[in-house]
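Here is a short report on one protein chain and its ligand. It covers the overall fold, a sheet and the ligand shell.

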Amino acid sequence: MTEVTFKQFRSAAAGAIADPRLQSAIDGATLKFRTERHHALTELPDVDAMRDQLKAIRAATLSRLADHLETFERQATATGAKVHWARDAAEANQIAIDIARQHGVELIVKTKSMATEETHLNHALIDAGITPVETDLGEWIIQLAGEPPSHIVGPALHKTRQQVAELFSKEVGRELDPDDIPGLTAEARRLLREKFLAAGLGITGANLAVAETGSIVLVTNEGNGRLVTSAPPVQIALVGIEKIAPTWDDAAVWLQLLARSSTGQPLSIYTTAITGPAKADDPDGPREVHIILMDNGRSNQIGTGYEEVLECIRCGACLNACPVYQEVGGHSYGNPYSGPIGAVLVPLLFGLKEYEALPHASSLCTACLDACPVRINLPRMLLDLRRDEVQGRMLSPVERFIEQAAAYVLGHYRLYRLLTGTARIFQRPLVRGRFLRVPRRVNPAGERDLPSLAKRSFHDLWDEIR
Ligand code: SF4
């Protein structure tokens, strides 16, 4: 999907809300993430100070991003890695395809990477005649299902074990028991091991890239990241340009909050730093390491009111906290980036006109701001994007007329009193308790009950009190 209109979002959201299996899968997963996060953060002596520190690190890094990127390139090149620059998704994909072709690669193993989801790298590789295989269990499940991820951290959290067993059974050609979870994971492990050994190239993203040593850092829980970066002879890492940590001290703060905020772990099971290709005396590791630094709309945000969105460390905590995401799930957002961060990032990177509905996919309750380890003010940016839509005349003529009329009435006190006074009289036959009984199809509040006007207005009460 390359656009998400109001109509598309509403229809996808309605489908998700009406699916009890999906609702229970999202509820269970997001509740678990939230509970574990809460416990992990309370273990820290002063979590607020650490969040402030991370915010300061990310803001300072972005203010000198070009310098840090140059340092990273210099240091990574000195280790023997090759650094490539990609202006957009198409360039990033082409660089990866060219490297694969130079080495005659037909099979690629991949780790979970939002950057490669963003560029739709798998589709580009398949079109080029190269087979990519996802090796993160969740990513592999959705690859088999032919679906995009529904969560930044748990791409397959919308799938039940019965659905997973069905997908795996098809793959192995025999019936697998959905209640035998160790059996299912053992099958996945067996099949994926064969791919690791046969692949000519490994592709990863990077949770962060450390400028002072030219290293990329991967955070995984299944060990597949280490196999992808050590079994195949060539490795590519696709990295968004904002993922730079100037020093290892900065990275240490970042990593402590990343795992705690996303999965509730003090540190992920595997935190892997890759600094250049294997040295002559290394027992294993890739002979070649390529790092693609991708812009894809990020640099356009620097120096604007939206620069803060680039501070995101992709922990997923805002998704788990968001009441809208919990109802509509990740696929309603029409992009791999979903939830509150997706509602801001996607229109900024891929077009506000194309993703007009996303800034409205929020109740502005600010739960995302409370949850974010970097204290990114997503509610402010959601409001700013709505303002941009109005100023850019992106709303439909009907909606524009209604908003202009409302603004006029609210700006003219006497008219406002006259209209609300008249409405109070005409609503009487429809009032049931605090709500109006109106047929669903003419209810401007949609699925919600339409509140009635109070018997006496605030202005009347205020006059009396005075
Ligand atoms: S916006 Fe904050 S909470 Fe959401 S994914 Fe990014 S860092 Fe995590």
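Buried residues account for 40% of the 466 residues in the protein chain. The model is predicted. Contacts between residues 24 or more positions apart make up 73% of those with a separation of 6 or more.

The radius of gyration is 25 Å. A compact globule of 466 residues would come near 23 Å, so the chain agrees with that picture. The C-alpha trace spans about 85 × 55 × 45 Å along its principal axes.

The protein chain holds 20 helices and 13 strands. Of the strands, 6 form an open sheet with parallel pairing. Their order is β1-β10-β7-β4-β2-β3. β1 and β3 stand at the edges. Each has a single partner strand, so one side of each lacks a neighbour in the sheet. From one strand to the next, the twist averages 25°.

These are the residue ranges of the strands in the sheet.

| Strand | Residues |
|---|---|
| β1 | 82-86 |
| β2 | 107-110 |
| β3 | 131-134 |
| β4 | 201-204 |
| β7 | 234-240 |
| β10 | 288-294 |

β2 and β4 run parallel and are joined by 3 bridges. Within this pair, V109 stands opposite G202 in β4. Helix α5 (residues 89-102) packs on the sheet. This helix touches β1, β2, β4, β7 and β10. The direction of α5 makes about 165° with that of β10.

Now the ligand. Its surroundings comprise 13 residues. The closest are C312, C315, A317, C318 and C372. By class, the shell divides into 11 nonpolar residues, 1 polar and 1 charged.

Terms used
Residues are numbered from 1 along each chain as its sequence is written. This is a predicted model: local features need pLDDT of at least 70, side-chain atom pairs count only at pLDDT 80 or more; totals for chains, interfaces and linings use all residues. A residue is near a molecule or strand if its C-beta atom, placed from the backbone, lies within 6 Å of it. Ala, Val, Leu, Ile, Met, Phe, Trp, Tyr, Cys and Pro count as nonpolar, Asp, Glu, Lys and Arg as charged, and the others, Gly among them, as polar. Helices (H or I, at least four residues) and strands (E, at least two) are DSSP runs, numbered from the N terminus. The radius of gyration is taken over C-alpha atoms; the globule rule is 2.2 Å times the number of residues to the power 0.38. A residue is buried if 20 or more other C-beta atoms lie within 10 Å of its own, exposed if 12 or fewer, and partly exposed in between; C-beta atoms are placed from the backbone. Two residues are in contact if their C-beta atoms, placed from the backbone, lie within 7 Å. Two strands pair if DSSP finds at least two bridges between them. Axes are lines fitted to C-alpha atoms, for helices over the stretch in contact, and angles run from 0 to 180 degrees between N-to-C directions.
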